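Work through these short exercises with the model open. Try each task before you read its solution.

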Amino acid sequence: MASIVGQQQDLFFSFDFGVIEGVSHPRITLENCKNAVFLIGCFRNDQKQQLDWIRNISAKNGYGKYNVRLGKGRNGWINKDNPRIANPQYVILYEFGNEDVVYYYKADGSSVFTEKQMREAGYDDPQGDYLVYKLKYECEIDGINVKQVLALYRERTNWIDGKPIFLKGSEIISAMRPKKKKEKETKNASIFDESGLTLQHVIGQISHDFHYADNALTSIDLFSGCGGLTKGFSMAGIRSIFASDIDENCEKTFRRNFPDVPFLCKDITQITKDEVDERIGNMTPDIIIGGPPCQGFSLANKRRNKVADDPRNRLFYGFVKFINWYSPRVFVMENVKGLLSMQKGKVFETILDEFRNAGSYGGYDVIYNVMVASDYGVPQNRERVIIIGTRHDLGLQPTFPKPLQLDHRLTVDEAISDLPQIESSQGAEVMEYHTEPQNAYQRLMRENMHYVTNHIAMHHTPRLIERFRAIRPGQSLIDVWDTHGAVKRGAPDEKSTIKFSQNNQRLFGNQPAPTIAASFQSNFIHPHLNRNFTAREGARLQSFPDDFIFEGMRTKMSWEKGLSQYQQIGNAVPPLLAKAIGECIINLLNP
């Protein structure tokens with residue numbers, strides 16, 4: 001392959017296009033560039049526009065260029081204002097799908113090109129704006145194994161193949177070092193990856209064939225999150241034909257578990273009907289489901305036109321927009337119980353009025369109820385407002401599923417006791433079950449799965465583990481002695497005077513869990529072990545079957561984009577609750 005070189009000088013605007021005389025593949029050492037920033041990007045041999053762009057050699061100038069598309073897409077955001085992203089010192093390019101083919105370049109700044117400027121510069125079929133890097137000359141870099149870095153990055157992060165990576169030299173050196181197992185991990189190696197299988201191999205064994213009936217009802221899932229409502233409806237026999245959410249990690253999880261369902265990762269207010277029709281063809285959904293955030297309504301103006309125009313309420317009106325487009329026979333909206341009391345009930349009445357006037361067939365007959373998840377076989381006392389509407393012209397009275405006739409509500413122990421009993425920092429991507437299922441719920445959760453995934457315990461410091469030991473079932477951080485209390489941020493020798501009753505609450509094993517919220521990773525302690533719950537344990541408490549695989553980072557820092565596995569689980573509608581609603585709708589529409 002020819003060196004990557006550039007176009008004519010006037011196309012690069014702010015760049016200095018001087019050529020370094022006599023420099024031919026100079027050699028640098030990674031060890032001597034620990035503070036330098038490296039962009040690791042890919043090129044595709046099978047895409048004409050990239051090849052032409054890369055290989056267009058200028059006889060006058062010995063520099064090259066590499067581009068990264070700006071804006072939000074499947075690969076996430078590229079922040080052109082981030083100094084690390086805008087000004088890497090070196091660019092490393094590998095061939096997508098053949099990581100043994102690698103080229104190294106000295107970089108010298110970047111510039112934003114509009115779609116028009118990209119086209120003028122010779123790039124075929126540009127889509128949007130790009131960040132274009134100037135490559136001064138080709139070089140050699142000793143001490144880096146790009147293939148190894150990509151493999152480890154793929155293993156340890158939620159990286160999507162092909163997305164550019166920006167790392168300091170010191171970070172690349174660290175990434176290439178194998179992780180050292182702690183003595184405790186080695187000692188307990190028998191509970192780790194006994195299966196000898198990779199996660200990808202296990203995922204490949206999972207069947208996503210739901211065997212829908214020929215006359216199965218169809219649904220569109222908006223604000224889908226990771227897919228709790230979709231999972232429950234599919235268990236009931238309702239086939240999803242389209243889903244949407246703005247979070248890219250939710251998209252990864254949804255696509256993993258519903259590979260045949262078209263998914264659009266986009267702000268619902270920006271979605272057009274043409275985009276949806278392109279994905280669903282000439283189908284009209286029987287049901288539209290979703291849980292639009294309604295926080296903006298808490299400050300809603302009393303005048304209805306102001307309510308509709310308030311940008312804080314645009315997400316709810318995005319949900320209504322879909323109902324107006326397709327006039328489904330039924331819609332289902334899920335939300336927090338507090339929605340009922342906003343503005344002394346005025347907000348909720350406004351929402352109901354919107355539904356009563358939606359669609360093209362005279363509006364909807366609407367009912368609502370507060371449903372408790374534990375009434376439907378979920379090991380959790382989660383309360384949610386469910387609104388169900390039936391199209392007025394159908395003459396059908398919407399109904400809610402009756403609670404199951406249970407001799408007792410499923411408990412935390414009954415939900416998770418068959419999962420491997422791991423301690424802090426233990427677990428693996430793939431683990432074996434150590435016991436047979438001990439009850440009907442565990443058999444249901446394991447029905448389509450032979451291995452345990454998403455079951456890696458968080459790392460806790462010795463001080464935190466000692467605190468957990470002091471907390472009894474039903475107690476939390478507020479109940480422990482000051483010697484075990486939290487310390488002040490930035491002052492580890494001083495105890496914090498602020499305590500929250502919702503932090504580090506140890507659950508009762510013989511009772512259902514309280515609401516598993518997005519923050520459950522720090523809210524709750526295992527009933528019997530001195531650690532927080534794993535993602536898989538949280539999924540069990542939400543009634544996600546074990547064959548439902550969660551993607552994205554397990555936990556996240558505040559500055560990271562996308563929802564973690566814990567947040568996806570906590571935000572979801574429990575599938576068994578959704579299944580009960582779905583079965584009720586089937587009985588209503590297909591009596």
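**Exercise 1: the surface and the core**

Task: describe what the chain exposes and how much of it is buried.

Solution. The exposed area of the chain is about 27600 Å², and carbon and sulfur atoms supply 47% of it. The model is predicted. Next, turn to the interior. Of the 591 residues in the chain, 52% are buried.

**Exercise 2: elements and contacts**

Task: state how many helices and strands the chain has.

Solution. Count the elements: 20 helices and 20 strands. Then look at contacts between residues at least 6 apart in sequence: 71% of these join residues at least 24 apart.

**Exercise 3: a helix pair**

Task: find how helix 8 and helix 20 are oriented to each other.

Solution. Locate helix 8 at residues 228–236 and helix 20 at residues 575–589. Their axes lie 7 Å apart, at an angle of about 50 degrees. The two helices are therefore oblique to each other. The crossing of helix 8 past helix 20 is right-handed. Helix 8 makes the contact through residues including L229, F233 and M235, and helix 20 through residues including L576, I581 and I585.

**Exercise 4: cysteines**

Task: explain why C250 has no bond to C226.

Solution. A disulfide needs two cysteine sulfur atoms within 2.5 Å. The closest cysteine sulfur to that of C250 is in C226, 6.1 Å away, so the gap is too far for a bond. C265 is in no disulfide either; its nearest cysteine sulfur, that of C250, is 8.5 Å away. Across the whole structure, the search finds zero disulfides. Now compare burial. C250 is buried, at 2% relative accessible area, while C265 is partly exposed, at 22%.

Notes:
Residues numbered from 1 in each chain as written. Predicted model: local features only at pLDDT ≥ 70, side-chain atom pairs only at ≥ 80, totals over all residues. Heavy atoms only, no water. Buried < 20%, exposed > 50% of the residue type's maximum accessible area, 1.4 Å probe, protein only. Helix = DSSP H or I, 4+ residues; strand = E, 2+ residues; numbered from the N terminus. Contact = heavy atoms within 4.5 Å. Areas by Shrake-Rupley, 256 points an atom, 1.4 Å probe, with all protein chains shown as cover. Axes fitted to C-alpha atoms, helices over the stretch in contact; angles between N-to-C directions. Parallel < 35°, antiparallel > 145°, perpendicular 65-115°, else oblique. Left-handed = near helix turned anticlockwise from the far one by under 90°.
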